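Here is a short walk through this model, helix pair by helix pair, with a stop at a sheet and a couple of backbone details along the way. Have the structure open as you read.

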Amino acid sequence: MTKKNFQEIRTRIAPSPTGLAHVGNIYVALFNFAFARQNKGKFVLRIEDTDIKRHVPEAEQVIYDAFKWLGLENDEGPNVGGSYGPYRQSERLEIYQKYIKDLIAKNLAYEKEGAVWFKVNSGKTSWDDLIRGKIEFDNKEIKDFVILKSDKYPSYNFAVTIDDWQMKISHVIRAEEHISNTPRQIMIYQALDAIIPQFAHLPLLRNTDHSKISKRKNPVSVSWYQEQGYLPEALINFLCLMGWSHPEGKDIFSIDEFIKDFSFQRISKSAPIFDFKKLDWMDGIYIREKSNEDLIKLVKPFMLKKISDGLIGEIVPLIKERLTKLSDFPLMINFFIGEPKIDVKLLLDKGGKDKKVIKQQFELVLADLEKIKWETVELEKFFREITEKNNWILGKFFMAVRIAITGKIATPPLFEIMVVLGKDKTTTRLASAIKLLG
RNA sequence: GGCCCCAUCGUCUAGAGGCCUAGGACACUAGAUUCUCAUUCUAGUAACUCCGGUUCAAAUCCGGGUGGGGUCACCA
């Protein structure tokens, strides 16, 4: 090869608009994005819509939204323009035609059954993969293949190659499932006398059963993660750790740190399995790192019922360290909004088994509650004193109160709840619990 | 099945011949704190796929077996 070279680092992500933004695609995009940013290059988004049958018109926006949500914004693409467009393959048909003609003229392709086929020559095709080292295929393993379908749309391998070439993509970073396509693409580059980019084949994300990550076995749509209330920075951080490791062994780091420390050398070759337990843990970390103000904004869309900002503001600090994903919020705090359903059996079970005792406890509390200054310290002091005075079992008693005012056995600290709930609601709930106990 | 890729705790991984009686993180278990839950802290269980070779020395290098994955469309 002559000394052809790329002027700048240009990477790309080339999703087909199927209607969902696939985590696998996001994963690949993340590495392309980071490498381009690290090298002050460009990250290109190209829409591969050459399959007319599968084309969903609204699907493009889904992709843009997902990338935006995750902070993987592209420098060029149908949504933002750029000097190497058009960025939709369906709008590049004449370009492909031109090179198809060239190849036919050069006797490197031929027509058969309404399609145009690429003529595979003998010999070997190899490249030096940035992640895997030298990979070589014997051309005799590869049969002539279609480059222009009879519907006059280009085939995947042809369109990809022409576009990557024309868009001056310097590094093709994609999943390992494309390894077997690479020799075909290299042959096309060679036939066109084009500069061959560097290839890097990332490990494939896998289901728990070790197969390639799929819709059937795993949530793969970015919108699912969004609806579940995972934070984008948590998803990104988690995805970084699939295959890549931080040089200092850190688990929690920002995308900017990833960009700074990224190297192909630190990408492992074996295909990782998605572990939701770790994602959940990580999401909790990021939630706890949020300011209360930010968390309030984040949690709002997940509320089933609208409540005042003031109230959310009071609740959020109580729930913050107990939250793993935002969608858990409404269920955890529903007792602040509506009247809780009290399970009498549960109340008895956890509250000390003796109906009369619990009833009496609540009555004694209610008798004095009027006089208590409504703040956590005072409330706690009162409850502890009354416990001691009457020789009650503190754990059981507090649990009974907890269930009576929240309906739950796991909640934030009791007196903080009471303060937010207010004196009226607290007393009302204790009173109605007494009634329930008969 | 052909071709290609891969192989360290259950999971994500560190490890580029001696620093490895293999380190970290999640999960799990136990304990501490505690009004429950959670947070936090402490401790523990748990892995180099196998067989040969190279070497004074191998998780690390080489070969083979086995296992797993990917791919073999006028889908992308």
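Let's start where α10 passes α11, which it does in a right-handed crossing. Keep in mind that this is a predicted model. The contact draws on N292, L295, I296 and V299 from α10, and on D309, I312, G313, V316 and P317 from α11. Sorted by class, the residues where α10 meets α11 come out as six nonpolar, two polar and one charged. Helix α10 covers residues 292-299 and α11 covers 309-319, and the two pack at about 115 degrees with axes 9 Å apart. An angle of 65 to 115 degrees counts as roughly perpendicular, so that is the label for α10 and α11.

Now follow α11 to its other partner here, helix α12 (residues 329-337). How are α11 and α12 oriented to each other? Their packing angle is about 120 degrees, and their axes lie 11 Å apart. That pair is therefore oblique. The crossing of α11 past α12 is right-handed. On the α11 side you'll find L311, I315 and I319, and they meet F329, M332, I333 and F336 of α12. This contact of α11 with α12 counts seven nonpolar residues, with no polar and no charged ones.

Further along the chain, helix α14 (residues 355-369) crosses helix α18 (residues 423-436) at roughly 150 degrees, and their axes come within 9 Å. Angles over 145 degrees count as roughly antiparallel, so α14 and α18 fall into that group. Here α14 passes α18 in a left-handed crossing. From α14 the contact takes K359, F362, E363, V365, L366 and L369, while α18 supplies T427, L430, A431, A433 and I434. By class, the contact of α14 with α18 holds eight nonpolar residues, one polar and two charged.

Here are the three pairs side by side.

| Helix pair | Angle | Axes |
|---|---|---|
| α10 and α11 | about 115 degrees | 9 Å apart |
| α11 and α12 | about 120 degrees | 11 Å apart |
| α14 and α18 | roughly 150 degrees | within 9 Å |

On to the sheet. Three strands make up an open sheet in the order β3-β4-β7, and the pairing is antiparallel. Why do β3 (109-112) and β7 (145-148) each have one side without a neighbour in the sheet? Both stand at the edges with a single partner strand, so one side of each is left free of a neighbour. From one strand to the next, the twist averages 45 degrees. Helix α3 (residues 93-105) packs on this sheet and touches β3, β4 and β7, and its direction makes about 100 degrees with that of β3. As for the pairing itself, strand β4 (residues 115-118) is joined to β7 by three bridges, with the two strands running antiparallel. One pairing to look up is V116, whose bridge partner in β7 is L148.

Two backbone details are worth a click as well. Between α2 (59-70) and α3 there is a loop that holds P86. The peptide bond joining G85 and P86 is cis, with omega at about -5 degrees. The other detail is K40, in the loop between α1 (23-38) and β2 (42-45). Phi of K40 is near 55 degrees, which is a positive value in a residue other than glycine.

Finally, zoom out to the whole of chain A. The domain assignment splits chain A into domain 1 (10-202), domain 2 (222-330) and domain 3 (339-436). How many Å separate the centres of domain 1 and domain 3? Taken over C-alpha atoms, the separation of those two centres is 65 Å.

How values were computed
Residues numbered from 1 in each chain as written. Chains lettered and ligands numbered in written order. Predicted model: local features only at pLDDT ≥ 70, side-chain atom pairs only at ≥ 80, totals over all residues. Pairing = 2+ DSSP bridges. Helix = DSSP H or I, 4+ residues; strand = E, 2+ residues; numbered from the N terminus. Axes fitted to C-alpha atoms, helices over the stretch in contact; angles between N-to-C directions. Contact = placed C-beta atoms within 7 Å. Domains from an automatic or database assignment. Parallel < 35°, antiparallel > 145°, perpendicular 65-115°, else oblique. Left-handed = near helix turned anticlockwise from the far one by under 90°. Nonpolar A, V, L, I, M, F, W, Y, C, P; charged D, E, K, R; others polar.
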